[in-house]
Amino acid sequence: MDHAPYDRMWATWIAESAGPGIDALLRSDTDRLPPGLQEPGCWTLVLLSATRAGQQRTTQPEPVWAGTDDQLAASRTVIVRVDRDPLPGLRAVEHLIDLSGADASRAGEILREALHRLGIATATAAEPPAPGHPATPDPGSPHPAPFPADRPVLCRLPPADRTFVGRDDLLARIHRSLVADTAPAGPRGVCLWGLGGVGKTSLALEYAHRFHHYYETIWWVRAETAADLRADLADLAAELGVRGDPDMPVMLRELLHVLARSQDVLLILDNAEPDAQLREVWPHSSGVHLLITSRQPDWADLLRARDRMEVPLPSESAATDMLLAASEGPPAREARAAAAAIAEQLGRLPLALSHVAAYVRQSGTTLQQFDELLGTSRARLLTRYRPDPASHPVALTWELSLRRSDQETPGARELMKLCATLAPDDIPRRMLHEHASAVSGALTPVLGDALAFDAAVRSLVKYSLVKAAPDSLQLHRLVQDAVLADLDAEEAAGWLADAAALVLAALPQHVDDPDQWPDCDRLTTHAAVLVARAARLPAAGLAAGTSHAVRARISVLALRCGEYQLERGNFSTADALFQTAVDLARETSGGSSASFITAAARHALARYRLADLPAARSTAESAVAACSEGTDTAAQILAFHTLSRVLVEFSELDEAYRHAEHAHHLLRDAPASTVMAVGEGTPMVERTLAVIQWRRGDYRDAVRWIRSADAHWDAAGARRPRFEPMELAFAELLGDQDLIRAVGERAERSIDELEQQVGPDHRDLVGRKQLAAEAAVLLGQHAKARRLLQECVEGLRRSHGPEHPSTAWAERSLGSVLCRAGDRAEGLSLLRHALAVYESDYGAAHPYAAEGMASLGAAELACGLRDEAERHLREAWRINELAYGPVHPKLAFVFDDLAALLAEGDPRSAEAAALAARAAAIRADA
């Protein structure tokens with residue numbers, strides 16, 4: 001039973017090679033046995049080839065015929081397998097003749113021995129059937145029949161690619177379209193399209209070598225130019241006996257007539273374009289299979305959609321295996337790791353990987369050594385290395401496409417240079433079009449004109465230089481490298497300046513607005529690439545004006561992106577960006593410029609968030625020191641306010657208040673434009689003043705500043721931070737349960753909405769959860785508090801790390817809750833770790849350390865550890881009184897716990913009574 005030309009060839013060969021004793025051989029093109037073959041003495045040979053297996057895409061193969069297993073056994077059926085196929089269950093078949101992999105001589109022996117053993121044939125020697133014998137198949141077939149695995153008869157193919165691995169899914173798709181599927185009218189064809197170097201040619205070559213036995217004629221045609229196309233087809237015409245004719249069109253027409261009468265022909269058109277030259281030689285015979293490679297995807301009027309296949313980059317494992325194939329001996333773990341790293345650096349581009357494999361073989365280096373070389377010499381390897389005299393460097397692969405694209409569409413090459421300067425992925429089309437004025441030179445009108453911009457994009461897409469989505473462009477990193485390698489230093493710096501201006505223009509003004517964060521995320525990815533490129537600019541060789549313009553623009557870009565990363569809680573990333581902004585601002589504008597002061601103040605704030613307090617103080621003090629009478633007001637406000645916030649952490653509250661008050665005076669006298677520009681408006685400074693006064697114990701003044709800040713926020717209609725932490729502290733001090741409940745409910749209501757806006761680990765969300773948890777503790781809702789605080793601790797450990805003071809603060813609260821809930825071991829462990837963090841970061845005598853001691857002492861008291869509790873509570877008393885004076889509210893809680901401890905040991909303790917009286921007096925004063 002056979003279904004395809006290849007199967008018919010095997011049927012013919014089997015019939016001629018089976019030997020004497022075959023009384024009849026009938027043929028069927030269906031899955032059912034012909035009538036009469038169930039009679040005694042009849043055997044059926046079922047042919048199973050890759051044609052058949054290629055149609056089966058299920059996990060378990062379908063039966064090779066329509067009967068049941070019992071019928072198969074009763075029908076005296078023999079399966080003849082002629083290819084290695086993916087049907088492992090055939091090993092269990094009783095009568096199986098396996099010819100796969102055997103040459104003609106050995107296959108004949110296997111076939112005759114098996115038939116003789118089954119009693120089907122009477123001899124094992126091959127004897128030609130008698131003339132007119134009914135076993136003689138297809139009288140019109142050549143005699144003797146060729147061994148199918150020895151095909152093709154006429155073939156011109158390049159050697160197989162020794163580094164080819166994987167791609168089995170694509171090979172199966174090609175096979176189904178060309179061989180297994182129902183034939184469309186005219187020739188069967190498949191176009192493999194994609195980026196230059198992605199492996200289209202290697203894939204077509206692998207298909208031709210792997211499935212050569214399906215074809216009598218295979219011919220490789222170079223189709224990149226009209227001259228190559230015609231020359232290779234002329235060679236084919238000569239091989240097929242077409243009369244040579246000086247008139248090329250006449251000869252080609254005759255070739256098409258010959259092909260129209262041919263069967264089992266595979267033409268591979270390498271690097272073709274769907275142009276008029278190709279249409280002239282397009283065959284119109286169902287016996288001709290066309291396999292086309294092209295950088296252009298637009299073959300809609302010549303091929304079905306299912307037959308136009310984009311060739312993707314290979315998988316990470318396949319790319320790694322390509323490189324390991326070049327190594328001698330079994331791959332060691334180190335070699336595999338190096339191969340994976342190389343593949344990642346090269347974007348898994350097969351052409352580049354094959355060059356690496358050749359380099360490793362030719363130079364005798366290891367993959368580990370090449371990995372080190374690639375880090376410093378990638379551009380040179382792309383533009384210079386040739387595996388052999390007949391090949392070209394990788395970068396040259398795209399040069400012709402770039403040239404053609406630019407010739408067809410003005411501005412296409414300039415657009416490619418701009419895109420190559422940015423990150424290779426997710427380049428926002430809207431940024432390029434809507435902010436065209438930020439770009440200088442001839443590209444501006446192209447970007448600004450919607451039709452011209454789309455035309456330039458279409459031209460680059462046409463040659464597979466970029467991929468285009470409705471809102472973005474993408475290019476391969478090696479295409480990017482090749483474009484940049486072609487620029488001299490001055491031109492590269494110019495494009496860098498334009499790209500920085502473009503990203504700056506597109507960045508949202510309000511990076512604290514969560515609705516703007518998706519856009520900020522996209523743009524800061526490109527900004528990070530530009531900042532890194534600026535760091536690699538040559539120190540010499542650039543015009544002075546170019547160098548200054550680029551560095552000044554990158555300084556502003558780094559500052560803006562740092563502000564966004566700071567808002568998102570990515571403090572380390574923000575710290576590095578601000579450091580770049582500070583260095584470039586000092587270099588381009590001087591150490592007393594507004595740009596330097598602004599960058600230094602922001603840098604101090606990032607270090608403050610990282611809990612690197614000495615560095616934060618030093619940087620903030622340098623920003624304040626750079627201020628003078630003529631300094632930009634907005635920069636001064638930012639510098640003095642930042643230093644004030646840092647000094648609060650050192651508990652230097654008088655100095656902190658002085659600097660914050662100075663910033664407030666500057667804001668009061670500044671025009672509205674300055675207040676908007678500084679981003680540290682009046683209510684933010686007033687909030688800092690309120691915090692300072694709260695920590696000093698001056699509640700009346702703290703409330704005054706809070707009310708003033710609220711009024712400013714209300715007047716501006718702005719989203720504002722609330723003062724619930726201080727409000728909750730008041731309520732706790734005064735024992736106001738209603739106020740505690742109100743604060744907790746407000747905090748809980750905002751959690752879900754805030755999590756959707758800022759994400760699960762953002763400091764604002766953690767702050768709301770901490771506030772709700774503290775309120776729950778005071779209301780005796782310990783299970784709720786425990787759940788919320790565990791979420792806070794986990795989030796802060798992810799975002800800030802386990803040794804950050806913010807993490808320690810949440811651990812301190814959770815530890816207290818756990819001790820109240822009876823989980824004393826874990827609770828005390830968290831409290832002790834929090835105290836250790838405070839003492840390490842702030843010093844053992846800092847008020848923050850005193851807060852940790854007070855919490856630990858209270859927990860130890862609850863756990864019956866009286867001596868440890870008394871020691872920690874008395875030390876917290878000493879530190880707080882020294883820092884804040886004898887009547888600060890923080891002392892009331894320490895006095896409460898210490899009085900309870902002393903009264904527990906001696907109900908008549910005079911010290912306990914005195915401490916309780918002092919706590920009551922502090923509350924009354926509050």
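Biologist: Leaving aside neighbours within four places in sequence, which residues is E310 in contact with?
Modeller: In this predicted model, E310 is in contact with L170, W193 and K467 once those sequence neighbours are set aside. E310 itself lies in strand 9.

Biologist: Why is E310 called partly exposed?
Modeller: The relative accessibility of E310 is 31%. A residue counts as buried under 20% and as exposed over 50%. The value for E310 falls in between, so E310 counts as partly exposed.

Biologist: Which residue is the bridge partner of W193 in strand 9?
Modeller: The partner of W193 in strand 9 is E310. W193 also stands opposite S294 in strand 8. As for E310 and S294, they are 16 residues apart along the chain, and 9.6 Å separates their C-alpha atoms.

Biologist: What makes strand 5 and strand 8 a pair?
Modeller: Pairing requires at least two bridges between the strands. Strand 5 (residues 188-193) and strand 8 (residues 288-294) are joined by six bridges and run parallel, so the requirement is met. Strand 5 is also joined to strand 9 by three bridges, again in the parallel sense. With at least two bridges as the criterion, that link therefore counts as a pairing too.

Biologist: How are the strands of this sheet ordered?
Modeller: The sheet is open, with six strands in the order 4-6-7-8-5-9 and parallel pairing. Its edge strands are strand 4 (154-156) and strand 9 (308-310), each of which pairs on one side only. On average, and with direction ignored, neighbouring strands are turned by 20 degrees against each other.

Biologist: Which helix packs on the sheet, and which strands does this helix touch?
Modeller: Helix 6 (residues 200-210) packs there, touching strand 5, strand 6 (217-222), strand 7 (265-270) and strand 8. The direction of helix 6 makes about 155 degrees with that of strand 8.

Biologist: Why is strand 5 described as largely enclosed by the rest of the structure?
Modeller: Six of the six residues of strand 5 are buried, so the description applies to strand 5. R188, V190 and L192 point one way from the strand, whereas G189, C191 and W193 point the other way, and all are buried. For the protein chain of 926 residues, the buried share is 51%.

Biologist: What is the pairing in the sheet of order 10-12-11?
Modeller: That open sheet of three strands has antiparallel pairing. Strand 10 (427-428) and strand 11 (467-469) are at the edges; each has a single partner strand, so one side of each lacks a neighbour in the sheet. Two bridges pair strand 10 with strand 12 (residues 472-474) in the antiparallel sense. At least two bridges are needed for a pairing, so this link satisfies the criterion. Within it, P428 has S472 of strand 12 as its bridge partner.

Biologist: Why are helix 37 and helix 39 called roughly parallel?
Modeller: The axes of helix 37 (residues 847-862) and helix 39 (residues 889-905) cross at roughly 30 degrees and come within 10 Å. Angles under 35 degrees count as roughly parallel, and the two helices are therefore described in that way. Their crossing is left-handed. Helix 37 contributes E851, A854, A858 and L861 to the contact, and helix 39 contributes K890, V894, D897, A900, L901 and E904.

Biologist: At what angle do helix 10 and helix 11 cross?
Modeller: Helix 10 (residues 316-324) and helix 11 (residues 333-345) cross at roughly 115 degrees, with axes that come within 8 Å. The crossing is right-handed. A319, T320, D321, L323 and L324 of helix 10 make the contact with A335, R336, A339, A340, I342 and A343 of helix 11.

Biologist: How many disulfides does the structure hold?
Modeller: The structure holds zero disulfides. C863 is in none, and the nearest cysteine sulfur, that of C819, is 4.2 Å away. A disulfide requires the two sulfur atoms to be within 2.5 Å, so C863 and C819 do not qualify.

Biologist: Is C863 buried or exposed, and what value decides this?
Modeller: C863 has a relative accessible area of 13%. The cut-off for buried is under 20%, so C863 counts as buried. C155 stands at 39% relative accessibility and counts as partly exposed, because that value lies between the limits of 20% and 50%.

Conventions:
Residues numbered from 1 in each chain as written. Predicted model: local features only at pLDDT ≥ 70, side-chain atom pairs only at ≥ 80, totals over all residues. Heavy atoms only, no water. Helix = DSSP H or I, 4+ residues; strand = E, 2+ residues; numbered from the N terminus. Axes fitted to C-alpha atoms, helices over the stretch in contact; angles between N-to-C directions. Contact = heavy atoms within 4.5 Å. Buried < 20%, exposed > 50% of the residue type's maximum accessible area, 1.4 Å probe, protein only. Parallel < 35°, antiparallel > 145°, perpendicular 65-115°, else oblique. Left-handed = near helix turned anticlockwise from the far one by under 90°.
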